[in-house]
Amino acid sequence: MPPSKSPVRSLAFRNSILALLITLFIIGSVIYAVNYLDQQRVAQLSALQNQLATDTLSVETQLALLESAPCDDISDTDTLSQEVSTLGGQLSTAESRLGANDAQVIQLKDQYTLLEIRDYLLVKQLETTCHTKPTVALYFYSNVPGSCTDCDRASYALSYLHQANPNLRVYSFDYNLDLGALKTLIAVEKVQPKFPAFVIDGTHTYGFTTIADFETSFPKDFFATSTATSTTATTTKK
Amino acid sequence: MDLTLLAYPFLFLGLYFQVFLLVTFLSTPTRERRERPASIVTPKVAIIVPCWNEQDTIDGTVKSLLALDYPKDKLQIVLVNDGSTDNTQMVMDSYIGNPQITVLHKENGGKHTAINAGIEIAHDAEFVGCLDADSFVAPDALREIVSCFEDPHVAAATPAMSVFEPHTFLERMQHAEYIFGIAARHVLSAVNGIYVTPGPFSFYRMSVIREIGGFRHAHQAEDMEMALRMQRAGYEIENAPRARVYTKVPLTIPKLVKQRTRWTTGFLRNVTIEYRDLVGNPKYGVLGLLVLPLGFVAVIGGVILFVLAIVVVAHDVLKTYFITQGVPLSYTLAPHFSLEGLYLSLSFVTILSFITAIASVAFIIIGKRVSNTPHNLTIGIIGYALVLGFIAPFWLMRSLSDLITGTKRKWR
């Protein structure tokens, strides 16, 4: 009796080709959609860039005003610090998605680092002029593979401590970023290339073992008096 | 190396197969099959019920056969007791005297010997069917099946098989899976891609059985072997999407794994040993170029993706434990939802996996609609989508291991 399969064969052939084309179209659409999302993100990065520029100017202005204005009028930096924290999160996402070597990411990171340094200087200036007393932690990490096995843990512990103690200001820096201001900060603060590195209220600490041990790096009265002032939390460690 | 790259080829093939099914479902020949009316002609048919220790279900099975909408003088029922050690013989003997039913007791020799013994008795039937003794048929199922044989090239016809009264989560999950099978078989029949004629209510043209021979042991997959033998002989296997048959399924995970290990090992052994020549052979069309190779890839892919998932999850869990050590759990376990996190999760793999999962669910719904199978599917679909994937790798790994080591397992 058999065979008589030509209609079946032609249907199968036609459908397999059609299915292949549709599958490729779906996959192409998914790739396009993912890329489109990334592009949208990149477009948002431009907004981020503008925001960073504005914030940097704002900090600069506050520093300038500090010379003539009363402390009561100048010391409210909460809103700005919160913005800096949000920007840090967005930048961290961009870095995860586009890669640490992406030109735009590096440029943003440079700007962000500058903003952080200026905010840090403002805080120090406020401390001197207006006698505010926030606890400041400078955190230096490295994205070079294998150079900082404990940086993820350190970042997480700092995020936790920042959340638990709003009085804590954390400034995270990629030690290897090619930025003159950062290199100057590293030189001024005498931070050695051992990671993770911390400068907490002027005291240098290197390495991270346990959170309990890490907490001993903070001033003795820090955990007892965590009244809310302002915060800057950044987690741009990859 | 990014381990998720290993998932790409399997995702592509999985999506391609789903799209192929969907395109074929929408094709005219498949639509014509859906619209094919039940047969009004009533050729002589015989239904063989091979039994081994089925005392609890055989009675219901026979009653459902007797309730079939088919002339009594054209329907012969052959009950074959394959050396049962329980009360199956007694239940069967209660039907002696019914003119439609023939009862045969024989020494235990395996399911294929029981079916062959029944075929010997039903020698004057034009079509012969099998029904496992734990399955029950809808009254119109036989007329639906018989309508498939109008084309003389059709050697066998498969039914729309689903789970008998699914109540537990495991039963509902398998019910959804069986419904997917209904849609898949319906579609594959249009391109002659069916590779198994399941035990519950598949029918065969008697002349073809005489031509190519009866059932064989075939690594405990006699229904698959018969289908492959018919395909090799150049015949076609049809499907009757409204010929509803309900079967009982394993009620525990170990029993499910055991059953599926038997099926999968049977598939692997038949396809890699006796029917190797069909795989990748253009002569056998979709069966040779798509269904059999993808069946094999699905086994390998299922194992690889599972191992991959275990490695990735274990790595993430260990990393999270390492990173969060010392930080209070109240902080670690608190939800840290952010739009940034949502955005990061929208990757190529997750989107494609989502599309493939949606296509599977769509096919389950299609299967239910096409076959008019009763019972709610919501819980079953949830189980099918979220749980079955964690159980299946166990029978896939076990089957691969049995294939490689040559391990033989008992039926039950």
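Start by selecting His375(B), which sits in the loop between α14 and α15 (378–386) of chain B. Keep in mind that you are looking at a predicted model. Check the backbone here: phi of His375(B) is near 85 degrees, a positive value in a residue other than glycine. Is His375(B) buried, exposed or partly exposed? Count the surroundings and you get 18 other C-beta atoms within 10 Å, so His375(B) is partly exposed; the buried class would need 20 or more.

There's another residue of this kind to pick in chain B. Jump to Asn53(B), in the loop between β1 (45–51) and α3 (58–66) of chain B. Asn53(B) is not a glycine, yet its phi is positive, at about 55 degrees. With 17 other C-beta atoms within 10 Å, Asn53(B) is partly exposed.

**Zoom out to chain B**

Now show the whole of chain B. You should be able to find 16 helices and 8 strands in it. Turn the C-alpha trace along its principal axes and the spans come to about 80 × 45 × 40 Å. How does the radius of gyration of chain B fit a compact globule, and why? For 412 residues such a globule would be near 22 Å, and chain B has 23 Å, so the two agree. Colour by burial and 48% of the 412 residues of chain B count as buried. If you draw the contacts between residues at least 6 apart in sequence, 83% of them join residues at least 24 apart.

**Two helix pairs in chain B**

Go back to α14, the helix on one side of the His375(B) loop. Select residues 348–371 of chain B for α14, then add α1, residues 7–25 of chain B. The axes of this pair come within 10 Å and cross at roughly 30 degrees, and the crossing is left-handed. To see the contact, show side chains on both helices. On the α1(B) side, pick Ala7(B), Leu11(B), Gly14(B), Leu15(B), Gln18(B), Leu21(B), Leu22(B) and Phe25(B). They meet a set in α14(B) that includes Val349(B), Leu352(B), Ile355(B), Phe363(B) and Ile366(B). Colour the contact by residue type and it splits into 12 nonpolar, 5 polar and no charged residues.

Next, select α10 (residues 253–274) and α16 (residues 388–405), again in chain B. Here the axes come within 8 Å, with a crossing angle of roughly 45 degrees, so α10(B) and α16(B) are oblique to each other. α10(B) passes α16(B) in a right-handed crossing. Among the α10(B) residues to show are Ile253(B), Leu256(B), Arg260(B), Leu268(B) and Arg269(B). Facing them in α16(B) are residues including Ile391(B), Phe394(B), Trp395(B), Arg398(B) and Asp402(B). The residues of this α10(B)–α16(B) contact divide into 9 nonpolar, 4 polar and 4 charged.

**Across to chain A**

Bring chain A into view and select where the chains touch: 36 residues of chain A are in contact with 34 residues of chain B. On the chain A side, the elements that give two or more residues are α1 (6–66), α3 (78–98), α5 (151–164) and α7 (211–215). Which of these should you highlight for the largest share? Pick α1(A), which contributes 17 residues. By type, the side of chain A that touches chain B holds 21 nonpolar, 10 polar and 5 charged residues.

While you have α1 of chain A on screen, find Tyr36(A), which lies in that helix. Tyr36(A) has 11 C-beta neighbours inside 10 Å and so counts as exposed. Now run a distance from its C-alpha atom to that of Lys133(A), 97 residues apart along the chain, and you get 46 Å.

**Last stops in chain A**

Select α4 (residues 103–130) and α6 (residues 180–189) of chain A. Their axes are 9 Å apart and the helices pack at an angle of about 40 degrees, so α4(A) and α6(A) are oblique to each other. The crossing of α4(A) past α6(A) is left-handed. Show Thr113(A), Leu114(A) and Ile117(A) from α4(A), which meet Ala181(A), Leu182(A) and Leu185(A) from α6(A). This contact divides into 5 nonpolar, 1 polar and no charged residues.

Finally, follow the chain to Pro196(A), in the loop between α6 and β3 (197–200) of chain A. What kind of peptide bond joins Phe195(A) and Pro196(A)? The bond is cis, with omega about -10 degrees.

Note on methods:
Residues are numbered from 1 along each chain as its sequence is written. Chains are lettered from A and ligands numbered from 1 in the order in which they are written. This is a predicted model: local features need pLDDT of at least 70, side-chain atom pairs count only at pLDDT 80 or more; totals for chains, interfaces and linings use all residues. Helices (H or I, at least four residues) and strands (E, at least two) are DSSP runs, numbered from the N terminus. The radius of gyration is taken over C-alpha atoms; the globule rule is 2.2 Å times the number of residues to the power 0.38. A residue is buried if 20 or more other C-beta atoms lie within 10 Å of its own, exposed if 12 or fewer, and partly exposed in between; C-beta atoms are placed from the backbone. Two residues are in contact if their C-beta atoms, placed from the backbone, lie within 7 Å. Axes are lines fitted to C-alpha atoms, for helices over the stretch in contact, and angles run from 0 to 180 degrees between N-to-C directions. Angles under 35 degrees count as roughly parallel, over 145 as roughly antiparallel, 65 to 115 as roughly perpendicular and the rest as oblique. A crossing is left-handed if the near helix is turned anticlockwise from the far one by less than a right angle, and right-handed if clockwise. Ala, Val, Leu, Ile, Met, Phe, Trp, Tyr, Cys and Pro count as nonpolar, Asp, Glu, Lys and Arg as charged, and the others, Gly among them, as polar.
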